[in-house]
Amino acid sequence: MQPSNFVKIKDPIYGYIEIEEDDDVKTIINSVLFHRLENIIQTSYTAVYPSSVHNRFIHSIGVYYLGSLAIKGIKKNCNNEITQELSKYERTFKLACLLHDLGHSPFSHTGEVYYDNVKETPWDRLMKELSDEEFNCDGNDLGKHPGAAHERMSALESIIAFKKYIQEDQRSFFVRCIIGLKYKNKTDIRNCFIELLNSSTIDVDKLDYLIRDRYFTGFKSVSIDYERLLGSVCIVKNDDDDYILGFTKTGLSTLESVILAHDMERKWIQGHPVIQYECFLLDSIIYKIVKRYKEQGVELFSLEALTEKGLPYGNDKFVRLLSDADILFTAKNELYDSNAVQEYFNRDKRKRSLWKTEAEYRFFVETNLSERENEKLGSIIDSLQKEIDTYREKCEELPLIDDDFLKYLEDEIQKSKDIDPSLRKNTRTKQKILNLVNKIKDFSKSNGCKFDYCLRTCKQFNSSFNKDALKKAKIFFDGNKTVDLEKVINLFEQEKPKENFFYFYVDPEDHLKFDTAGFVKVLREFVDNE
């Protein structure tokens, strides 16, 4: 008979997700801090897929649900010794699944870079909260900041706000699950849990966002049979007494689906130039807002701003439960006349990319240049992007290739010559950039186009799956005989892409008439003469 404290949450993907109050999960989900995630958008895909308005709240519950299914799969597939070990850490693992995104910033990954631009970073504060010497030691060995910025903030906020729900001697383990920091001792079964939530290959976090993003975008990627896959999760001991996380042979077909779905989303959705430009606008807006608050002595992207108590500023004002809405409210009320905000809210004003895909880039650019010319062009474009990023700190508007940027370059070159002759090499690079920008300006003038462009560099597609690790993922056959995944599927051969790739955005009024072939010819002539 179902207990009276049983709660169901209706999810459009998984159906009813059952929550038990005994696990303290209901209390956490009903908290103000967890409900903040309803106002943090999961992705920045709405510029291309308007229905992708799902949030971090339902994603977190989805990861909790998939983590629970994985536990059931392990119990079904493993012997008593392993299931007894499993029972010690099951609850903490599930809490980590639920809270793994608690500290996500406004607009998710677009905003999280600002978490480390504060006096005391989330990692520094996390070290003060945890007295586990083993944790501190391993963390220092692997570098100062393991995990992504939002993962460190999520671990910190969770440990402070929900400490009483996390077993004291497992708080370090809880944090490790969220930031993906495994124990050095390979015989520690807890590493399997960490890998199950946060790994460079397949984990329940990736599974949920791949399934959820596919559903809400409407992008026709491959379907993932998550029940079959998680029902095949297994832990075994090898001859060295190391615990190994893997999958039984029944999960093979779904493993292929996960790899394909991941790579399709990254290549065709995340890499879309419209989505890239949307993120550029959002980042520019957030950058200006953070700067404004900092001028008032307020670190906007801090732990306090995420809490109910909030972060005081001005005259009896507070930033609390920081979310997407706070950024948009400030943008509309304090920065509305800026071109970043104008373009964000008015799509007609947004710049358009000359090419929509990497394939088009290769057609317009790579195929018209020799290998050597492509290398030289890639080098100068990378230098140009770095200069634009530096220029952003000094410009009032969007950091674009325009007359203001041209003037900035001229001033910087003159300063380098006047102040320090030893900077000649740096000056030569700046001079090359200046020469290229002047060529682009001359081309714009001769073609009747506005000298007002946006450059965004990125690397050509390469799967972010750690495929070297995934190749060695263990598949368990009859009698617990294991084989590496690369031996039974053939999805791992992939030509290493060229590093140089960029999107070039032009004014919407010039987009249809822009002479892309002529522009590429200018680039080719430039690299030939350098």
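These are my notes on the cores, two helices and two helix pairs of a predicted model.

**Ground rules.** I number residues from 1 along each chain as its sequence is written, and I keep to heavy atoms for side-chain values, with hydrogens and water left out. Because the model is predicted, I accept local features only at pLDDT of at least 70 and side-chain atom pairs only at pLDDT 80 or more, while totals for chains, interfaces and linings use all residues.

**Cores.** I looked up the largest nonpolar core (buried Ala, Val, Leu, Ile, Met, Phe, Trp, Tyr and Cys residues joined through side-chain atoms within 4.5 Å; buried means under 20% relative accessible area with a 1.4 Å probe, protein chains only). This core holds 159 residues, of which Phe-34, Leu-384, Ile-401 and Phe-504 touch the most other members. I then noted a second, separate core of five residues, including Tyr-45, Tyr-49, Ile-269 and Ile-275. Returning to Ile-401, and leaving aside neighbours within four places in sequence, I find Ile-401 in contact (heavy atoms within 4.5 Å) with Leu-384, Ile-388, Val-437, Phe-451, Asp-452, Tyr-453, Leu-455 and Phe-504.

**Helix 12.** I take helices as DSSP runs (H or I, at least four residues), numbered from the N terminus. For the 19 residues of helix 12 (residues 252-270), 1.5 Å a residue gives an expected span of 27 Å, and the end C-alpha atoms are 26 Å apart, which agrees; the expected span is 1.5 Å times one less than the number of residues. Among the buried residues of helix 12 I list Leu-255, Val-258, Ile-259, His-262 and Ile-269.

**Helix 7.** For the 13 residues of helix 7 (residues 149-161), the expected span and the distance between end C-alpha atoms are each 18 Å. Helix 7 is mostly covered, with 11 of its 13 residues buried, and these buried residues pack against helix 2 (32-35), helix 4 (80-99), helix 5 (122-129), helix 8 (171-179) and helix 14 (303-306).

**Helices 18 and 22.** Which residues make the contact between helix 18 and helix 22? The axes (lines fitted to C-alpha atoms over the stretch in contact, with angles from 0 to 180 degrees between N-to-C directions) of helix 18 (residues 371-391) and helix 22 (residues 516-529) come within 9 Å and cross at roughly 95°. The two helices are therefore roughly perpendicular (65 to 115 degrees). The contact is made by Glu-373, Lys-376, Leu-377 and Ile-380 of helix 18 and by Leu-523, Arg-524, Phe-526, Val-527 and Asp-528 of helix 22.

**Helices 3 and 10.** I read an angle of about 125° between helix 3 (residues 56-77) and helix 10 (residues 204-217), with their axes 9 Å apart.

Definitions and conventions. Buried < 20%, exposed > 50% of the residue type's maximum accessible area, 1.4 Å probe, protein only. Parallel < 35°, antiparallel > 145°, perpendicular 65-115°, else oblique.
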